Amino acid sequence: MITFNANDRILVTGASSGIGKAIALQLNALGATVVASGRSQQRLEEMRAQCAHPDALFLEPLDLLTDMDALPSWVRSLREQYGKLSGLVPCAGTALISPLREFDRTMATSFFDIHYTAAMLLAKGFADRRNNVGRGAAIVFIGSRAPLVAQAGLSIYAAAKGAILAATGVLSKELASVGIRVNALAPGLVKTPMAEKTYLSFLPEERRQEEIASYPFGLGEPEDVASMAVFLLSRHSKWITGQTIVLDGGRY
Ligand SMILES: NC(=O)c1ccc[n+]([C@@H]2O[C@H](COP(=O)([O-])OP(=O)(O)OC[C@H]3O[C@@H](n4cnc5c(N)ncnc54)[C@H](OP(=O)(O)O)[C@@H]3O)[C@@H](O)[C@H]2O)c1
């Protein structure tokens, strides 16, 4: 059985909603100390109201795009406040359907900022040996199935997610010598506010039903993704690094 203890301190961004929230809640229920970040203080507080051990869940609201250069020192400040970190899950982000005719440089930059650059700057702060526990520490990036299986309209999102999947293997090589494992998840469609707002709600009803039917085990639940993230953060996965795990319920 997977368990953590209070010295397993794990930073989860995007923890106010959807997948990040499910990860934060599962980690907290299993005994880890969770530093939970998101933009909305209110949504973070709602999340904490649902958690098993509120005394081990700390809220750190931050818009990750406001001062990106400061992200490594933000991680350091969290270490000063809570102690050395054992895990990092950069989960904050949003999606976008954008065909080529609507390609826009500013939009593309903002997607790379949140899905790649912010995640890398957080990883940089985490990998500073003063901020992590060394052997036993783990990073789990939240990628997507989008870069692995081409789908119209997702060029910006898929490219930004592809960048972090590419970095996963590279960082696993760079950080193995200091005992940090690095893995990524590549989920298909998961039932979250983002999936509804940025994707499903744009589909005509017939297309929407087709999309749902293409998942033989149904659309993912945030908890399905959280279970794998928790495993990859735990000691039970101590021999796994540099991997991207596809979670898509056998999508056709
Ligand atoms: N749902 C899917 O089908 C699916 C599939 C594959 C991958 N993913 C990935 O999974 C991750 C989570 O998505 P989700 O579906 O759980 O979405 P969600 O329910 O909309 O949650 C997104 C989270 O990211 C936070 N966030 C967004 N922009 C931010 C910023 N600039 N600074 C700080 N926090 C920010 C949000 O904070 P606030 O709530 O405070 O605004 C929220 O906590 C994303 O990286 C997404 O690309 C999702």
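# A tour of the pockets, the ligand site and the cavity

Begin with the second largest pocket of this predicted model, which holds about 320 Å³ of space. To display it, select Arg135, Gly136, Gly179, Arg181 and Lys238, which are the closest to its centre among the 18 residues that line this pocket. Colouring that lining by residue class gives six nonpolar, seven polar and five charged residues.

**The largest pocket**

Move next to the largest pocket, whose volume is about 1,100 Å³. Centre the view on Gly93, Thr94, Ala95, Thr192 and Met194; of the 50 residues in the lining, these lie nearest the centre of the pocket. The four helices to highlight here are α1, α4, α5 and α6, each of which supplies at least two residues of the lining. Of the elements that contribute, α6 gives the most, with five residues. By class, the lining of the largest pocket comprises 23 nonpolar, 19 polar and eight charged residues.

**The ligand**

Now show the ligand. Which space does the ligand take? The ligand occupies the largest pocket, so the view need not be moved far from the selection just made. 

Select the shell of 32 residues around the ligand; Ser16, Ser17, Ser40, Tyr157 and Thr192 come nearest. Thr192 thus deserves a label, being listed both among the residues nearest the ligand and among those nearest the centre of the largest pocket.

Display the secondary structure around the shell. At least two shell residues come from each of α1 (18–29), α4 (105–127), α5 (155–175) and α6 (193–198). The largest share is that of α6, with three residues. Sorted by class, the shell contains 16 nonpolar, 12 polar and four charged residues.

**Polar contacts with the backbone**

Turn on the backbone atoms of three residues in succession. At arginine 39, a backbone N or O atom lies 2.8 Å from an oxygen atom of the ligand. At serine 40, a polar backbone atom is 2.6 Å from a ligand oxygen atom. At cysteine 91, the distance between a polar backbone atom and an oxygen atom of the ligand is 3.2 Å. How much of the ligand's area does the protein bury? Taken alone, the ligand exposes 900 Å², and the protein buries 95% of that.

**The cavity**

Finish with the enclosed space. A search of the whole structure finds one cavity of 30 Å³ or more. The largest cavity contains about 70 Å³ of space. To find it, select Pro90, Ala92, Ile114, His115 and Ala119, the closest to its centre of the 14 residues in its lining.

Then colour α4, β5 (138–142) and α5, each of which supplies at least two residues of this lining. The largest share, five residues, belongs to α4. The helix α4 is also one of the elements that supply at least two residues of the shell around the ligand. A last colouring by class shows 11 nonpolar, two polar and one charged residues lining the cavity.

Terms used:
Residues are numbered from 1 along each chain as its sequence is written. This is a predicted model: local features need pLDDT of at least 70, side-chain atom pairs count only at pLDDT 80 or more; totals for chains, interfaces and linings use all residues. Side-chain values use heavy atoms; hydrogens and water are left out. A residue is near a molecule or strand if one of its heavy atoms lies within 4 Å of it. A polar contact is a pair of N or O atoms within 3.5 Å; within protein, one must be able to donate a hydrogen and the other to accept it, and residues adjacent in sequence count only if both atoms are side-chain atoms. Accessible areas come from the Shrake-Rupley method with a 1.4 Å probe; for residues, only the protein chains shown count as cover. On a 1 Å grid over the protein atoms alone, a cavity is a set of points where a 1.4 Å probe fits but cannot get out, and a pocket is an open set with protein on both sides within 12 Å along at least five of seven lines; lining residues have an atom within 4 Å of a point. A molecule sits in a cavity or pocket if more than half of its atoms lie within 2 Å of its grid points. Ala, Val, Leu, Ile, Met, Phe, Trp, Tyr, Cys and Pro count as nonpolar, Asp, Glu, Lys and Arg as charged, and the others, Gly among them, as polar. Grid points are joined across faces, edges and corners, and a volume is the space filled by probe spheres set on the points.
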